[in-house]
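User: Could you take a close look at one helix of this model, at how its ends are formed and what packs around it? A connected account would suit me better than a list.

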Amino acid sequence: MLEGGLIPLIFMVAVAIVVLSIFFSFVPVMLWISALASGVHIGIITLVAMRLRRVIPSRIVNPLIKARKAGLELDTNQLESHYLAGGNVDRVVDALVAAQRADIPLGFERAAAIDLAGRDVLEAVQMSVNPKVIETPIVAAMAKDGIELRTKAKVTVRANIDRLVGGAGEETVIARVGEGIVSTIGSSNSHKDVLENPDLISKTVLNKGLDAGTAFEILSIDIADVDVGKNIGAQLQTDQAEADKRIAQAKAEERRAMAVAQEQEMKARVQEMKAKVVEAEAQVPLALAEALTSGKMGVMDYYNMQNIAADTQMRQSFGNPGDKNKNTPPSGQE
């Protein structure tokens with residue numbers, strides 16, 4: 001009989017253990033006790049309802065305990081709604097505690113909006129207390145005298161809580177500072193003025209209000225380094241002179257080619273005229289023969305014409321001694 005009564009008892013104990021395990025896993029009793037011990041009054045039914053809404057109770061209760069201990073008046077509905085929206089409840093509560101300690105006006109709704117916007121609200125609060133230094137890359141600019149200056153600046157910024165939602169980031173600040181440096185150096189008459197007064201850049205850039213529309217407030221702009229680069233003005237003038245030279249050479253070559261073409265054309269025309277003269281001279285014997293045959297020209301007339309031609313050739317030889325020597329036979333051949 002003892003064995004028959006022991007088996008049901010063991011079964012009941014096992015069932016009780018299973019039921020208690022399921023109960024304690026679904027109902028966070030220890031978390032409820034911890035909240036009561038910390039002075040946070042939250043009902044056990046509320047914790048069960050969080051389970052039903054697929055909210056992890058520890059993600060709500062632990063930040064709530066932290067907020068109450070810091071003196072913040074928050075309730076579970078605010079934290080739970082932010083959790084369901086996809087926010088980081090613990091980080092928002094840490095930011096609120098840090099803002100309260102630093103005497104920075106920051107409400108839960110604004111902190112939650114900043115967190116949901118994708119920005120680290122805790123880092124923003126810390127940056128408001130401890131400003132951040134942003135170092136710009138090397139910015140190259142040219143003064144009016146053509147000398148290049150290479151500048152590096154350090155920008156001290158502080159987070160602006162009111163403009164964190166919708167405000168531009170660090171990249172915009174760096175781009176605006178670089179643009180201001182280029183504009184300031186470009187308006188300087190000489191690079192020596194910038195080297196003598198580097199603070200001229202920081203003062204001019206700082207007065208332009210470059211932090212408008214950004215999530216930061218620029219506290220100071222310090223010029224870390226200024227180096228002299230190339231003589232861009234002289235290089236540009238050299239390049240322009242070389243380009244002008246090449247253009248002039250191209251135009252001269254064009255004129256030379258046109259002159260050569262025109263010369264060749266004139267030579268061709270001279271040859272054409274000579275051919276026409278040769279053609280005309282070839283017609284002379286034919287005309288003489290026709291004149292003799294038809295009786296329009298006598299034999300004496302032909303001889304007289306030959307004498308006149310010989311006399312003309314002799315007179316030409318007297319006028320050109322070189323030609324005479326050419327026509328004189330060498331000695332021993334007369």
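Analyst: At the N-terminal end of α6, N88 acts as the cap, with a side-chain oxygen placed 3.4 Å from the backbone nitrogen of D90. This is a predicted model, and the distances given here are computed from its atoms. Just past the other end of the helix, D103 adopts a positive phi of about 60 degrees. Between these two features the helix has the length one would expect, because 13 residues at 1.5 Å a residue should span 18 Å, and the end C-alpha atoms of α6 are 19 Å apart, which agrees.

The buried residues of α6 are V89, V92, V93, A95, L96, V97 and A99. The cover over these buried residues includes α4, α5 (76-84), α7 (108-116) and α8 (121-129).

One of these covering helices can be followed to a particular side chain. R59 sits in helix α4 (residues 57-69), and, apart from neighbours within four places in sequence, R59 is in contact with Y83 and V89; V89 is itself among the buried residues of α6. R59 has a relative accessible area of 46%, and because this lies between the 20% limit for buried and the 50% limit for exposed, R59 is classed as partly exposed. The C-alpha atoms of R59 and L79 are 8.9 Å apart, although 20 residues separate R59 and L79 in sequence.

L79 leads on to the wider interior. The largest nonpolar core holds 56 residues, and those touching the most other members are L74, L79, L96, L106, I181 and I185. Helix α6 (residues 89-101) supplies the largest share of this core, 7 residues. In soluble globular proteins, nonpolar side chains tend to be buried together.

Further along the chain, I181, also one of the core residues that touch the most other members, is in contact with V139, T151, A153, I201 and V205 once neighbours within four places in sequence are set aside. Of these contacts, T151 belongs to strand β3 (residues 147-159). T151 has a relative accessibility of 1%, and it counts as buried because that value is under 20%. Not counting residues up to four places away in sequence, T151 touches P137, I138, V139, I181, I185, I223, D225 and V226, and this list includes both I181 and I185, which are named among the core residues touching the most other members.

Terms used
Residues numbered from 1 in each chain as written. Predicted model: local features only at pLDDT ≥ 70, side-chain atom pairs only at ≥ 80, totals over all residues. Heavy atoms only, no water. Helix = DSSP H or I, 4+ residues; strand = E, 2+ residues; numbered from the N terminus. Buried < 20%, exposed > 50% of the residue type's maximum accessible area, 1.4 Å probe, protein only. Contact = heavy atoms within 4.5 Å. Core = buried A, V, L, I, M, F, W, Y, C linked by side-chain atoms within 4.5 Å. Expected span 1.5 Å × (residues − 1). Polar contact = N/O pair within 3.5 Å; in protein donor to acceptor, adjacent residues only side chain to side chain.
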